[in-house]
Amino acid sequence: MPEEEKKDSIVNGEEEEDEDEVNGEGNADAGGAKKKKKKKKKKKKGGGNAVPLAEKKEPSEKPPHRGLLPTAFTDAHVKYGQTNPPTIPVADVFRGFEFPKGEIQNYALESQSYRETSAECRARDRLNEDVYKKCREGAEIHRQVRNFAQSLAKPGIKLIDMCTQLENKNRELCREAGLERGIAFPTGCSLNHVAAHYTPNNGDDTVLGFDDVMKVDFGVQIDGRIIDSAWTCSFNPRYDPLLESVKEATNTGVATAGIDVRLCDIGEAIQEVMESYEVELDGTTYPVKCIRNLNGHSIDQYQIHAGKSVPIVKGGCEESLIMEEGEIYAIETFGSTGRGYVVEDMECSHYMKRFDCPHVPLRMQSSKRLLAHINKTFGTLAFCRRWLERDDGGSATVNGQEGKQEKYMGALKNLCDVGIITPYPPLCDTKGCYTAQYEHTIMMRPTCKEVVSRGDDY
């Protein structure tokens, strides 16, 4: 078989075989009619194995920072045949295969145990396979991008360089296509007392230091199905108890969550675990406190905060609020050595169009132009100023290389003032303290709970 034909016949890691039948003889003569039969290629059932576009290898590179599990590798994706660093879109790596499922957990409430064997629940589960597939693709992209990001997070790197490389890799691996698929929200890289919503604006030359505690929070969306997951990295082992407390609190929140579970009960369980830890810094012992005004949240299509909040302290919401079948949640917890309460501070970089945005007549032409750009490029997904200042204005698919917004700050302020766009400044605890965050996205399936963003790293 010619080399090119042979290449084309290899699909999903299996090779089709040709069988020649020529007048009942093993070889064809000059006048013989040659018939070719191709065996039908067997369809391989998905199980998380990938098409070997590159050579499959065993992961071997450990992350340069702390805060992850011993099983974490920055080249974990090579086991699927992905390159290192990853360059092949994840949809191509898994062509013909199912994307890996997340961690499957059964519902803890006794009243929900019937779901494991219910034929009716399994039927409802099958109806949602399209949503699960999109979420799992987004989750695998998130895992591969964050493995790449974990290799970058070293003392001395500029945060703006790290975020730019991470976001470009995100666009590459999901094959960015505007609102159809791409980045779900700006990359958070909040340091120390800053708990969330910080990403560097252009001109910000902040450098990651050895004694910094950095929260890395980014998202992926496939057809508006958002994967929201975060972890904390540090280099000094003295912060290990802080990171461990928040990681365990998040895992407790995930384990407690379930259909018909009260949201207030999840918050109480999270607080009990997190506040059982303490951290010693420079001879002073600090109790780890839950940041009581930060919460997890439900997620809907193109809507990162879909209406329900998951508290991380006791009594954080009404007792009547429960989780329901079919919902998707981001379970995220924040711990602090400070007061355990954040306020808005510093220069704003995050913005998002209101999901329930009313029609507001605009007088400024510059505001109309900027809003039109936001609508077609980001819709109701969050964005940042760095993206508006890119040549593609945030999406090469939508704008080509002619999307850069010039002198837009007045228009952006006007859109915020009239209530169309909401600004999200950095959220900060007391200066001098340290905060940590871990987060996972979970799906409330009819038959089970799937921690779709779970990986070998956290």
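Here are a few friendly notes on this predicted model, point by point.

1. Let's start with the annotated residues. The UniProt entry, which is unreviewed, carries a "binding site" annotation for Asp217, Asp228 and Glu439. These residues gather at one spot, because no two of their C-alpha atoms are more than 8.3 Å apart even though they span 223 residues in sequence. The lining of the largest pocket takes in Asp217, Asp228 and Glu439.

2. Next, a look at Asp217. This aspartate sits in strand β9, residues 213-222. With a relative accessible area of 15%, Asp217 falls under the 20% cut-off and so counts as buried. Leaving aside neighbours within four places in sequence, its contacts include Asp228 and Glu439, together with Phe185, Pro186, Glu332 and Gln437.

3. Asp228 belongs to strand β10, which covers residues 225-234. Is Asp228 buried or exposed? It is buried, at a relative accessible area of 3%. Not counting residues up to four places away in sequence, Asp228 touches Asp217 and Glu439, and among its other contacts are Phe185, His297, Ile299 and His440. For anyone checking side-chain geometry, a polar contact of 3.3 Å joins the side chains of Asp228 and His297.

4. On internal space, the structure holds 1 cavity of 30 Å³ or more. The largest cavity encloses about 120 Å³. Of the 14 residues lining this cavity, Gly178, Ile183, Thr377, Phe378 and Gly394 are the closest to its centre. Which strand gives the most to the lining? That is β6, residues 181-183, with 3 residues. By class, the lining divides into 5 nonpolar, 6 polar and 3 charged residues.

5. Helix α11 is also worth a look. It runs over residues 409-417, and its buried residues are Ala411, Leu412, Asn414, Leu415 and Cys416. The elements that cover them include strands β18 (350-353), β19 (383-384) and β20 (421-424), as well as helices α8 (365-377) and α9 (385-388). Just after α11, Gly419 takes a positive phi of about 90 degrees.

6. Finally, a loop residue. Thr74 is placed in the loop between β4 (35-38) and α2 (90-93). Despite that loop setting, Thr74 counts as buried, because its relative accessibility is 4%. What does Thr74 touch, not counting residues up to four places away in sequence? Its contacts are Glu61, Lys62, Pro63, Asn84, Asn147, Phe148, Gln150 and Ser151.

Terms used
Residues numbered from 1 in each chain as written. Predicted model: local features only at pLDDT ≥ 70, side-chain atom pairs only at ≥ 80, totals over all residues. Heavy atoms only, no water. Buried < 20%, exposed > 50% of the residue type's maximum accessible area, 1.4 Å probe, protein only. Helix = DSSP H or I, 4+ residues; strand = E, 2+ residues; numbered from the N terminus. Contact = heavy atoms within 4.5 Å. 1 Å grid on protein atoms, 1.4 Å probe; cavity = no way out; pocket = protein on both sides within 12 Å on 5 of 7 lines; lining within 4 Å. Points joined across faces, edges and corners; volume = space filled by probe spheres on them. Nonpolar A, V, L, I, M, F, W, Y, C, P; charged D, E, K, R; others polar. UniProt positions renumbered as here; feature names shortened; annotations may be inferred. Polar contact = N/O pair within 3.5 Å; in protein donor to acceptor, adjacent residues only side chain to side chain.
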